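User: Please take a close look at one strand and its surroundings in this model. Then tell me about the enclosed spaces.

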Amino acid sequence: MPKPRLRLILGDQLDINHPWFSEPKATAEYVLMEVHEEATYVRHHIQKVVAFFLAMRAFAEELRRKGFAVRYISLDAPENLHSFSKNIRGLAESGRYSAFECQHADEYRVEESLKELCAALKIPASICDSDHFLVDRDFFLSVFKGKKRYVMENFYREVRRTHDILLDDGKPIGGRWNFDSENRKKLPDSVRPPEALEFVRDASEIVALLKSNKVQTFGAISAECFTWPVTRADSLKLLKHFCQKLLPSFGTYQDAMHTDHRLLFHSKLSFSMNVKLISPKEVIDAAVEAWRASRGAISIEQIEGFVRQIAGWREFMRGVYWAHMPTYKSLNFFGAKRPLPHYFWDGDTQMNCVRQAVRQSLDDAYAHHIQRLMVTGNFTLLAGIDPDEVDAWYLGVYADALEWVQLPNTRGMSQFADGGIVGTKPYIASANYIGKMSNYCSGCAYNAKQRTGQDSCPFNSLYWNFLLTHRKKLESNPRIGMGYRLLDKMATSEVKELQEQAAKHLKNLEKL
Ligand code: FAD
Ligand code: DLZ
Ligand code: SF4
């Protein structure tokens, strides 16, 4: 019998439709491994680690059921050396395999170590594509070749053209490429989002394994009632549920926030997609098919809003990440250096919006986009928190957090620490925006209408103070000029009061 090839499957490469699995089964042995290196490179939410381990174990089982040879190295396996490279070296040196193969990793850190590993092995080694994304890494570079800056909209149109998504004879269906302006409604009392679809499993065994192996995590978990989708079957059910129940209102309430409705009309498909249980193409195809079959009952604003997130933002962020790593990880345009306040770890703050968004994140390892961008991210930006600390929080807290998508969203879109590589302006807002998009302010200890005074909402004075502090860096930006024009119309005494109030809030940051 010829020796098999050894093939590594990373925790975010759980794609049963990868070309590997169409090849003759006997030619390869597949290895998956639970390693300390990955469980501890940042402190993760417990639900994130559990979701990865359960998904990896279920995938290994599925492969075995289908007749593939699988080696699964669990966290407590005696032979586990707790790093991808060390485990692979050990196996490759055993003499049992003819070659080593892996797929490109999505994270720079891991990709670099795999390249080093392949160069060092004594058996032939190669890296292939994961075949997951709609476009490859070079597509991004080709769209922006010779251009001064990246524009997500231009990239998004090219992706839609490449895959013929929502086009009629090359023209966008509905007459426009982008319906973002129709995607900004607050949730009215009369609208009740459907019950979330959950996939209840007992995760006690993994929770005990993490504890006995001293993996430090944070956040809450109900071990007997773990609800994230961790198999392809779960993910397909969730996609169906999204298309039937959530898509009809997805776009309209995409930016809304509500204390009683954590998920609203969001899909919660990010973990499934990021670990490749389902592909972005099949998610888009299913949603477009549901929209088409509805014969107008689902409006174009809903489907375009959803497609834009996946064909646009998700792929665009990946392009930015690979075009700018590793330097991107240390950009700090505003020189922000305050430590992250304790309430990001315990939710204990009087600011209701931050409390809701953080507690939900700690409870569920999930918050939707606007909570991440316009509540927690907005606050850390206005308060001048060190982007390294902000990144570590975002990378740890969400089950869907992998660096290729977390970093450009956090350091770029949300903190503008890249000086405008991802976004055209910093996403900053006062209580006015949060009040307009949520019911948070009515239950808050602070007064959303007040800019100064002990009870004044911190977002208000911090907003104006941010503009003043960074005037040199921002005032020439046409998208933010309005703020400076308003500032210039204010009386000097009013500006001074705002600055003094902001200074008090910043001094009192840990107690807000
Ligand atoms: P939905 O609202 O249902 O959207 C559908 C899908 O669109 C998502 O599943 C996701 O795949 C994609 N999508 C939407 N917005 C973005 C975006 N800005 N970038 C990339 N994909 C997008 N997403 C992650 O997958 N991992 C992260 O670590 C992550 N970190 C973020 C950090 C910050 C500061 C911000 C502002 C956003 C971050 N996002 C991240 C993007 C987005 O918030 C999540 O993808 C989304 O909330 C996941 O929930 P959902 O599946 O219900 O999304
Ligand atoms: C996130 C994660 C965690 C917590 N643990 C593992 C693990 O033990 N084994 C594994 O293969 N993958 C894990 N992952 C996902 C990896 O971090 C991810 O596959 C790489 O960073 C490449 O993107
Ligand atoms: Fe947040 Fe300010 Fe509204 Fe309170 S008043 S919920 S702190 S925006």
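Analyst:
**Strand 5 and the cavities**

Strand 5, helix 4 and strand 6 form a right-handed β-α-β unit. The model is predicted.

Start with strand 5 itself. It covers residues 99-103, and five of the five are buried, so the rest of the structure largely encloses it. Buried here means under 20% relative accessible area. In a regular strand, side chains alternate between the two faces of the sheet. Take the faces in turn. Ala-99, Glu-101 and Gln-103 lie on one side of strand 5. Phe-100 and Cys-102 lie on the other. Every one of these residues is buried, which leaves both faces covered.

Now the partners. Strand 1, residues 5-8, is joined to strand 5 by three bridges. These two strands run parallel. Arg-5 stands opposite Ala-99 of strand 5. Strand 6, residues 125-128, is joined to strand 5 by four bridges. That pair is parallel as well. Here Cys-102 stands opposite Ile-127 of strand 6.

Next, the empty space. Rolling a probe the size of a water molecule over the atoms shows where such space is left. The structure has five cavities of 30 Å³ or more. The largest holds about 330 Å³. Its lining counts 23 residues, and those closest to the centre are Gly-11, Glu-38, Tyr-41, Phe-52 and Leu-402. Helix 4, residues 108-120, is among the elements that give two or more residues to this lining. Helix 4 also belongs to the β-α-β unit with strands 5 and 6. The other elements giving two or more are helix 1 (36-40) and helix 2 (46-65). Helix 2 gives the most, with five residues. By class, the lining of the largest cavity has 14 nonpolar, two polar and seven charged residues.

The second largest cavity has a volume of about 90 Å³. It is lined by 14 residues. Closest to its centre are Cys-353, Cys-441, Cys-444, Cys-457 and Phe-459. Three helices each give two or more residues to this lining: helix 13 (352-364), helix 17 (431-437) and helix 18 (458-469). The classes here are 12 nonpolar, two polar and no charged.

To recap, strand 5 is paired in parallel with strand 1 and with strand 6. Helix 4 links the two topics: it is part of the β-α-β unit, and it helps line the largest cavity.

Technical notes. Residues numbered from 1 in each chain as written. Chains lettered and ligands numbered in written order. Predicted model: local features only at pLDDT ≥ 70, side-chain atom pairs only at ≥ 80, totals over all residues. Heavy atoms only, no water. 1 Å grid on protein atoms, 1.4 Å probe; cavity = no way out; pocket = protein on both sides within 12 Å on 5 of 7 lines; lining within 4 Å. Points joined across faces, edges and corners; volume = space filled by probe spheres on them. Nonpolar A, V, L, I, M, F, W, Y, C, P; charged D, E, K, R; others polar. Buried < 20%, exposed > 50% of the residue type's maximum accessible area, 1.4 Å probe, protein only. Pairing = 2+ DSSP bridges. Right-handed = clockwise from strand over helix to strand, strands pointing away.
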